[in-house]
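Please open the model in a viewer and keep the sequence panel at hand. The tour below proceeds by selection, from the whole chain to individual side chains.

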Amino acid sequence: MAPWECAIGDDDAQFDRVEDLIVHQSTEHERIECKVCGTVLPDGYFAIRHAFDEHSRAEYVRAYDATAGEVRRRENVKEFVEDEADIREVIDRLEGGDGSI
């Protein structure tokens, strides 16, 4: 499998395992505020998961001025990561580090 790339801002760091990528995104990048509800969370996968698990597509489109294509892209990223990642491992690693996600 091709390496996983961070792609937050100009960060092109690559990882062999998706779990390592998610931990990187959660620990090496600034947290962001959800434009729908104001929750502060890690950028990257956890932000995408929050947006689509907690809010409707319409709320996301309005808050982020997103196109249907941008929504589909993020939904595909979420699905692909969840098909590949051991999210329990990621959470265990993050909780072992500083106790928060």
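The stops that follow treat the overall fold, the first helix and the aromatic rings in turn.

**The whole chain**

Begin with the entire chain in cartoon representation, bearing in mind that this is a predicted model. The chain contains five helices and four strands. Following the sequence from its start, one meets these elements in the order β-β-α-β-β-α-α-α-α.

Next, display the C-alpha trace alone. Along its principal axes, this trace extends over about 35 × 30 × 25 Å. The radius of gyration is 13 Å, which agrees with the value near 13 Å for a compact globule of 101 residues. Among contacts with a separation of 6 or more, 44% join residues 24 or more positions apart.

**Surface and charges**

Now switch on the surface. The accessible surface of the chain is about 6,200 Å², and carbon and sulfur atoms account for 43% of that area. Of the 101 residues, 36% are buried.

Colouring by charge brings out 12 positive and 26 negative charges, and the mean positions of the two sets lie 6 Å apart.

**Helix 1**

Select residues 18-28, which constitute helix 1. Is this helix mostly covered or mostly uncovered? Helix 1 is mostly covered, as eight of its eleven residues are buried. Showing side chains here identifies the buried residues as Val 18, Glu 19, Leu 21, Ile 22, Val 23, His 24, Gln 25 and Ser 26.

**The aromatic rings**

Hide the surface and show the aromatic side chains. The structure holds four aromatic pairs. The first selection here is Tyr 45 with Phe 46, a tilted pair with 5.3 Å from centre to centre and 55° between the planes. Tyr 45 counts as buried because its relative accessibility is 3%, under the 20% limit. Phe 46 has a relative accessibility of 6% and therefore also counts as buried.

Then move to Phe 52 and Tyr 60. How is this pair of rings arranged? The ring centres are 4.9 Å apart and the planes stand at 40°, so the pair of Phe 52 and Tyr 60 is tilted; an angle between 30 and 60 degrees falls into that class. Phe 52 and Tyr 60 are both buried.

Finally, add Tyr 64 to the selection. Phe 52, Tyr 60 and Tyr 64 together form one aromatic cluster, and the tour ends at this group.

Terms used. Residues numbered from 1 in each chain as written. Predicted model: local features only at pLDDT ≥ 70, side-chain atom pairs only at ≥ 80, totals over all residues. Heavy atoms only, no water. Phe/Tyr/Trp six-rings, centres within 6.5 Å; stacked < 30°, edge-to-face > 60°. Buried < 20%, exposed > 50% of the residue type's maximum accessible area, 1.4 Å probe, protein only. Helix = DSSP H or I, 4+ residues; strand = E, 2+ residues; numbered from the N terminus. Rg over C-alpha atoms; globule rule 2.2 N^0.38 Å. Contact = heavy atoms within 4.5 Å. Areas by Shrake-Rupley, 256 points an atom, 1.4 Å probe, with all protein chains shown as cover. Lys, Arg positive; Asp, Glu negative; His and termini not counted. Charge placed at Lys NZ, Arg CZ, Asp CG, Glu CD.
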